[in-house]
Amino acid sequence: MPRNVVLLLSRLLFAALFIPSGFHALSDIPGTTSYFAGLGLPLPMLAAWGTGLFELIAGLLILVGLKTSIAALLLAAFCIVAGFIGHYGQGGDDPMLTFLHSQMLMKDIATAGGFLALAMAGAGAFSIDGRGST
């Protein structure tokens, strides 16, 4: 498969994860705030708004391929931080929940790796960043 097609597919798949997540967070600020409060975060409402806006805007930047390397680096860092805050050591005494959270942490770490690769590769020709390139 040609490089630019793979980069486009990569961007579409990443956007499919972050745009709906950001939209959902912003559509249910009370629920998102409650989730962040349950994690013990200070200023959970600010975290809810900030996270929702960041996921939505960064996801849209990845989708259209605008400032892709910067957005991908920020999303890589976000994935690592969110993974450790939301999943590390979670699950309590329930082995199934502990396993689930450890898998989700590893998914976040792997997603960060994909964003690092996208940051290095760039958005490709089928993007705003790649306009005019072949």
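Before the close-ups, one term: a residue is called exposed when its relative accessible area is over 50%, buried when that value is under 20%, and partly exposed in between. With that in hand, the far side of helix 2 is easy to read, since Pro30 and Gly38 are exposed there. Please keep in mind that everything shown here is a predicted model.

**Figure 1. The whole chain is built from five helices and zero strands.** Starting at the N terminus, the elements follow the order α-α-α-α-α. The C-alpha trace spans about 55 × 30 × 20 Å along its principal axes. The chain has 134 residues, and buried ones make up 35% of them. Look also at how distant parts of the sequence meet: among contacts between residues at least 6 apart in sequence, 67% join residues at least 24 apart.

**Figure 2. Helix 2, residues 29-38, has a buried side and another side with exposed residues.** Ile29, Thr32, Thr33 and Phe36 are the buried residues to find in this view. These four lie on the same side of helix 2, because they cover an arc of only 100° around the axis. Turn to the other side of helix 2 and you meet Pro30 and Gly38, both exposed. What do the buried residues of helix 2 pack against? Their partners are helix 1 (3-27) and helix 3 (44-64).

**Figure 3. The two ends of helix 2 each have a detail to look for.** At the N-terminal end, Asp28 acts as a cap. A side-chain oxygen of Asp28 lies 3.0 Å from the backbone nitrogen of Gly31. Just after helix 2 comes Gly40, whose phi is positive, at about 85°.

**Figure 4. Two loop residues, Leu43 and Lys67, have a positive phi without being glycine.** Leu43 sits in the loop that links helix 2 and helix 3, and its phi is near 50°. Is Leu43 buried or exposed? With a relative accessible area of 61%, Leu43 is above the 50% cut-off and therefore counts as exposed. Lys67 belongs to the loop between helix 3 and helix 4, with a phi of about 50°. Lys67 is exposed too, because its relative accessible area is 54%.

**Figure 5. Gly59 is a buried glycine in helix 3.** The relative accessible area of Gly59 is 1%, so this residue counts as buried. Which residues does Gly59 touch, leaving out those up to four places away in sequence? They are Ala15, Phe18, Ile19 and Phe54. Gly22 is another residue to locate in this view: Gly59 and Gly22 are 37 residues apart in sequence, yet their C-alpha atoms are 8.2 Å apart in space.

**Figure 6. Trp49, also in helix 3, is partly exposed.** Its relative accessible area is 41%, which is why Trp49 counts as neither buried nor exposed. Setting aside neighbours within four places in sequence, Trp49 is in contact with Leu26 and Ile29. Ile29 may be familiar from the close-up of helix 2, where it is one of the buried residues. Trp49 and Leu26 are 23 residues apart in sequence, and 6.5 Å separates them in space, C-alpha to C-alpha.

**Figure 7. Phe84 is a partly exposed residue of helix 4.** The relative accessibility of Phe84 is 40%, so the residue falls in the partly exposed class. Not counting residues up to four places away in sequence, Phe84 touches Leu105 and Ile109. For another landmark, find Met104: Phe84 and Met104 are 20 residues apart in sequence and 9.7 Å apart in space, C-alpha to C-alpha.

**Figure 8. The largest pocket holds about 640 Å³ of space.** It is lined by 24 residues, and the closest to its centre are Tyr35, Thr51, Glu55, Phe78 and Ala82. Which elements give two or more residues to this lining? They are helix 1, helix 2, helix 3, helix 4 (68-87) and helix 5 (95-121). Helix 4 gives the most, with eight residues. By type, the lining of the largest pocket divides into 14 nonpolar, seven polar and three charged residues.

Terms used: Residues numbered from 1 in each chain as written. Predicted model: local features only at pLDDT ≥ 70, side-chain atom pairs only at ≥ 80, totals over all residues. Heavy atoms only, no water. Buried < 20%, exposed > 50% of the residue type's maximum accessible area, 1.4 Å probe, protein only. Arc of directions from axis to C-beta. Contact = heavy atoms within 4.5 Å. Polar contact = N/O pair within 3.5 Å; in protein donor to acceptor, adjacent residues only side chain to side chain. 1 Å grid on protein atoms, 1.4 Å probe; cavity = no way out; pocket = protein on both sides within 12 Å on 5 of 7 lines; lining within 4 Å. Points joined across faces, edges and corners; volume = space filled by probe spheres on them. Nonpolar A, V, L, I, M, F, W, Y, C, P; charged D, E, K, R; others polar.
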